[in-house]
Amino acid sequence: MIELHEAGLDRSSGEPSYEENLRVADLSLGTYSIPAGSADPQQPHTEDEIYVVLRGAGRLWTPDRTADVRAGSVLFVPAGEEHRFVEITEDLTVLVVFGPAERTRSTGRTGGPRSRKEASDAAPGAGPR
């Protein structure tokens, strides 16, 4: 077992930020923080995603639907679907679960849990951007 003490902590500094908290072959978990009024620069991912909203308020947009989100919201976005958070009225902190682990379908990367340093050294655009 691994306790994920850093998961869900807001680390934003006025801009959207993503920190990967865990990586194993079949999934990854990260914390996405988006300040109120910010633009969400996400692009579609090659992996399925589950969002668990811990705090804040806004909307999650897809071409087919827009859903209000707030603490307690849980949403699924299939691989390849265009999506982004919009109309962010309160700072959002969201747990993001990728299955399989983020970027493994596009890069073939697998592996054990990543450290915060390794996650912060990830290529630009890492996370739900």
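## A network of salt bridges

Arg 59, Asp 68 and Glu 87 are joined in a network of salt bridges. The model in which this network appears is a predicted one. Within the network, the side chains of Arg 59 and Asp 68 meet with an N to O distance of 2.8 Å. Glu 87 also forms a salt bridge with Arg 59, and here the closest N and O atoms are 3.8 Å apart. Because Glu 87 belongs to strand S6 and Arg 59 to strand S3, this second bridge ties together parts of the chain that are 28 residues apart in sequence.

The members of the network can also be described by their accessibility. Arg 59 has a relative accessible area of 26% and is therefore partly exposed. Asp 68 counts as exposed, at 53% relative accessibility. For Glu 87 the relative accessibility is 53%, so this residue counts as exposed.

## Backbone at Glu 87

Glu 87 has a further feature, in its backbone. The phi angle of Glu 87 is near 45 degrees, a positive value in a residue other than glycine. Most residues other than glycine have a negative phi. The residue with this positive phi, Glu 87, is part of strand S6.

## Other salt bridges

How many salt bridges does a search of the whole structure find? The search finds four. One of them joins Glu 20 to Arg 23, with the closest N and O atoms 3.1 Å apart. Both Glu 20 and Arg 23 are buried, whereas Asp 68, in the network described above, is exposed.

## Overall architecture

The protein contains two helices and six strands. Read from the N terminus, the order of the elements is β-β-β-β-β-β-α-α. Among contacts between residues at least 6 apart in sequence, 66% join residues at least 24 apart.

Of the 129 residues in the protein, 41% are buried. The accessible surface comes to about 6700 Å². Carbon and sulfur atoms account for 51% of that surface.

## Aromatic cluster

Three aromatic pairs are present in the structure. In the pair formed by Tyr 32 and Phe 85, the ring centres are 6.5 Å apart and the planes stand at 55 degrees, so the pair is tilted. This pair links distant parts of the chain, since Tyr 32 is in strand S2 (residues 27-34) and Phe 85 is in strand S6 (residues 84-99), 53 residues apart. Both Tyr 32 and Phe 85 are buried.

Phe 85 also pairs with Tyr 51: the ring centres are 5.2 Å apart and the planes are at 80 degrees, so this pair is edge-to-face. Tyr 51 lies in strand S3 and Phe 85 in strand S6, and the pair therefore ties together parts that are 34 residues apart in sequence. Tyr 51 has a relative accessibility of 0% and so counts as buried. The corresponding value for Phe 85 is 1%, and Phe 85 therefore counts as buried. Ring pairs link Tyr 18, Tyr 32, Tyr 51 and Phe 85 into a cluster.

## Strand S3 and the loop after it

Strand S3 spans residues 48-61 and includes Ile 50. Is Ile 50 buried, exposed or partly exposed? Its relative accessible area is 34%, so Ile 50 is partly exposed. Together with Val 74 and Phe 76, Ile 50 makes a nonpolar surface patch of about 290 Å².

Thr 62 is located in the loop between S3 and strand S4 (66-70). The relative accessibility of Thr 62 is 11%, and Thr 62 therefore counts as buried. Which residues does Thr 62 contact, leaving aside its neighbours within four places in sequence? They are Glu 81, Glu 82 and His 83.

Definitions and conventions:
Residues are numbered from 1 along each chain as its sequence is written. This is a predicted model: local features need pLDDT of at least 70, side-chain atom pairs count only at pLDDT 80 or more; totals for chains, interfaces and linings use all residues. Side-chain values use heavy atoms; hydrogens and water are left out. Patches are made of residues with over 30% relative accessible area and no salt bridge: like charges are joined within 9 Å, nonpolar side chains (Val, Leu, Ile, Met, Phe, Trp, Tyr) within 5 Å. Accessible areas come from the Shrake-Rupley method with a 1.4 Å probe; for residues, only the protein chains shown count as cover. Helices (H or I, at least four residues) and strands (E, at least two) are DSSP runs, numbered from the N terminus. Buried means under 20% relative accessible area, exposed over 50%, partly exposed in between (1.4 Å probe, protein chains only). Contact means heavy atoms within 4.5 Å. Rings of Phe, Tyr and Trp (its six-membered ring) pair if their centres lie within 6.5 Å; planes under 30 degrees apart count as stacked, over 60 as edge-to-face and the rest as tilted.
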